[in-house]
Amino acid sequence: MNILKTLFVKTLILSTLVAQAAQPKGDWKKHVVWQGQPNAVAVAADFTDDGKVDVISNSGGKTWLFVAPDWNRHLIGDDKDHTFIHGETFDVDGDGDADFIGARYQPGLIVWFEQPNKNATAGPWKARIAEDEIIGVHGVLKADVNGDGKLDLLANSGQPRGKFPNSAVWLEVPKNPRTAKRWTRHIFADRDAPGLSHYLGAGDLNGDGRLDITMAAKGGPQDKSGAGQWFAWWEAGKDPTKPFKKHRLPGKHLGATNIMPADVNGDGKLDIIASRGHGVGLIWYENPKWKIHNINTDLMSPHCLQVGDIDGDGDIDGATCAYLSRKAAWFENDGKGKFTTHIIGTDQAAYDIRLVDMDADGDLDILIAGQQSKNVVWYENPLK
């Protein structure tokens with residue numbers, strides 16, 4: 001009886017600790033944009049130029065624009081070959097409105113959709129190729145790589161085959177993207193990114209004024225090379241059109257997927273926040289010695305990551321949605337790199353997550369493309 005009582009007390013204490021760690025901070029209201037099919041990507045912008053943030057998502061070869069606030073949907077792309085695993089949005093052609101970029105895993109393809117004359121609901125949008133020679137495009141990211149004041153696009157070539165195996169590129173938008181055969185390709189990771197790479201990040205990690213690039217590779221049973229399970233960063237040289245220098249970060253990380261630079265501890269140096277999206281948990285690396293600190297050790301498959309000041313206290317927090325745990329969460333930073341996990345939603349899976357002020361109230365909300373949960377939702381930030 002004493003043994004049973006002891007076990008009960010220990011279980012109660014453990015359950016209480018888990019519950020305390022998982023308590024939401026504030027009531028994050030869930031808004032459903034759409035449900036019915038798996039969605040691997042969702043991006044947000046004021047596509048309709050009415051001051052409200054809209055959403056573009058892709059499922060089953062169809063690309064949809066959901067117009068806020070009622071989320072009426074408009075078909076802007078209908079092509080069975082356009083089933084995208086990731087995406088971005090920015091003004092590609094410089095005409096003052098937001099365009100959409102979709103990335104297909106394999107055969108590798110990146111397509112940009114031109115918004116028609118600031119009339120976003122007048123679909124379909126014209127789709128043009130940005131890149132079609134890399135294979136295994138799992139992540140794309142907009143960034144100004146060469147410092148010319150214009151956005152470029154980062155993308156990985158994560159398969160060990162094709163013209164650019166185990167590599168990664170940045171794509172420069174041509175002067176006239178409407179007529180170009182494809183965007184200008186620059187290889188920054190030249191066959192030194194094996195192990196099924198995933199998502200990318202960008203930031204000046206060594207303080208030399210140049211934009212460095214981060215990337216992760218999941219490894220695991222699908223990685224026949226056995227060379228994955230890593231986080232790494234590529235140091236930019238004087239000429240960003242040449243391959244960057246790779247620096248592998250400490251540790252072996254089964255299922256490594258997401259990696260984003262951010263000043264976690266407020267010391268003026270960019271650290272790195274990372275998740276094991278095909279494994280368990282999230283960590284951060286402290287610059288300059290890249291010491292590993294845990295953020296979360298129990299979320300399974302946190303296959304998406306965003307960083308930003310979620311609670312408005314001046315430091316960098318993080319957010320994810322773990323598709324096996326089926327939990328959406330944000331991670332509160334105390335300003336020194338100690339994080340508290342707050343679960344804001346359950347029975348929600350994701351392949352993509354974005355921090356966006358969806359309701360124009362001055363704080364960062366959380367937009368999620370639910371793959372296994374077959375929906376697109378956003379959680380309203382109650383913290384400010």
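Student: Let's start with one residue. Where is Lys 175 found?

Tutor: Lys 175 is in the loop between β12 (167-172) and β13 (184-189). Keep in mind that this is a predicted model.

Student: Is Lys 175 buried or exposed?

Tutor: Look at relative accessibility. Over 50% counts as exposed. Lys 175 has 90%, so Lys 175 is exposed.

Student: How far is Lys 175 from Pro 243, in sequence and in space?

Tutor: Give two separations, one along the chain and one through space. Lys 175 and Pro 243 are 68 residues apart in sequence. Their C-alpha atoms are 23 Å apart.

Student: Can we try that on another pair? What separates Val 264 from Gly 308?

Tutor: Along the chain, Val 264 and Gly 308 are 44 residues apart. Between their C-alpha atoms there is 10.0 Å. Val 264 belongs to the loop between β18 and β19 (271-275). With 1% relative accessibility, Val 264 is buried.

Student: Now the pockets. What is the volume of the largest pocket?

Tutor: About 500 Å³. Next, read its lining. There are 28 lining residues. Glu 88, Leu 141, Met 260, Gln 306 and Arg 354 lie nearest the centre of the pocket.

Student: Which strands each supply at least two residues of that lining?

Tutor: There are several. Follow them along the chain: β2 (42-45), β6 (86-90), β10 (140-143), β14 (197-203), β18 (258-262), β22 (306-308) and β26 (352-356). Of the contributors, β26 gives the most, with five residues.

Student: How do the lining residues divide into nonpolar, polar and charged?

Tutor: Sort them by residue type. In the lining of the largest pocket, 17 are nonpolar, seven are polar and four are charged.

Student: On to rings. How many aromatic pairs does a search of the whole structure find?

Tutor: Twelve. Take Trp 233 and Trp 290 as an example. Their rings are 6.3 Å apart, centre to centre, and their planes meet at 55 degrees. Planes under 30 degrees apart count as stacked, and over 60 as edge-to-face. The Trp 233 and Trp 290 pair falls in the remaining class, tilted.

Student: Why does the pair of Trp 233 and Trp 290 tie together separate parts?

Tutor: Check where each ring sits. Trp 233 is in strand β16 (residues 230-235), while Trp 290 is in the loop between β20 (280-286) and β21 (291-300). The two are 57 residues apart in sequence, so their pairing links those parts. Both Trp 233 and Trp 290 are buried.

Student: Which residues form an aromatic cluster with Trp 230?

Tutor: Phe 188, Trp 234 and Phe 244 join Trp 230 in one cluster. Trp 230 has another partner too. Lys 246 lies over its face, 4.4 Å from the ring centre.

Student: What sits over the ring of Trp 64?

Tutor: The charged end of Arg 73, 3.9 Å from the centre of the ring.

Student: How many disulfides does a search of the whole structure find?

Tutor: Zero. To see one case, go to Cys 304. Its closest cysteine sulfur belongs to Cys 321, at 5.6 Å. A disulfide needs the sulfurs within 2.5 Å. So the sulfur of Cys 304 is too far from that of Cys 321 for a bond.

Student: Are Cys 304 and Cys 321 buried or exposed?

Tutor: Buried means under 20% relative accessible area. Cys 304, at 2%, is buried. Cys 321, at 0%, is buried as well.

Student: Let's read the backbone. What kind of peptide bond joins Ala 68 and Pro 69?

Tutor: Read the omega angle. Here omega is about 5 degrees, and the bond is cis. Pro 69 is in the loop between β4 (62-67) and β5 (72-78). The bond from Gly 123 to Pro 124 is also cis, with omega near -5 degrees. Pro 124 has its place in the loop between β8 (109-114) and β9 (126-131).

Student: One last angle. What is the phi of Ala 360?

Tutor: About 55 degrees, a positive value although Ala 360 is not a glycine. Ala 360 is in the loop between β26 and β27 (365-370). At 60% relative accessible area, Ala 360 is exposed.

Student: And where is Lys 374?

Tutor: In the loop between β27 and β28 (375-380). Lys 374 has a positive phi, near 55 degrees. With 43% relative accessibility, Lys 374 is partly exposed.

Key: Residues are numbered from 1 along each chain as its sequence is written. This is a predicted model: local features need pLDDT of at least 70, side-chain atom pairs count only at pLDDT 80 or more; totals for chains, interfaces and linings use all residues. Side-chain values use heavy atoms; hydrogens and water are left out. On a 1 Å grid over the protein atoms alone, a cavity is a set of points where a 1.4 Å probe fits but cannot get out, and a pocket is an open set with protein on both sides within 12 Å along at least five of seven lines; lining residues have an atom within 4 Å of a point. Grid points are joined across faces, edges and corners, and a volume is the space filled by probe spheres set on the points. Helices (H or I, at least four residues) and strands (E, at least two) are DSSP runs, numbered from the N terminus. Ala, Val, Leu, Ile, Met, Phe, Trp, Tyr, Cys and Pro count as nonpolar, Asp, Glu, Lys and Arg as charged, and the others, Gly among them, as polar. Rings of Phe, Tyr and Trp (its six-membered ring) pair if their centres lie within 6.5 Å; planes under 30 degrees apart count as stacked, over 60 as edge-to-face and the rest as tilted. Buried means under 20% relative accessible area, exposed over 50%, partly exposed in between (1.4 Å probe, protein chains only). A charge sits over a ring if NZ of Lys or CZ of Arg is within 6 Å of the ring centre and within 35 degrees of the ring normal.
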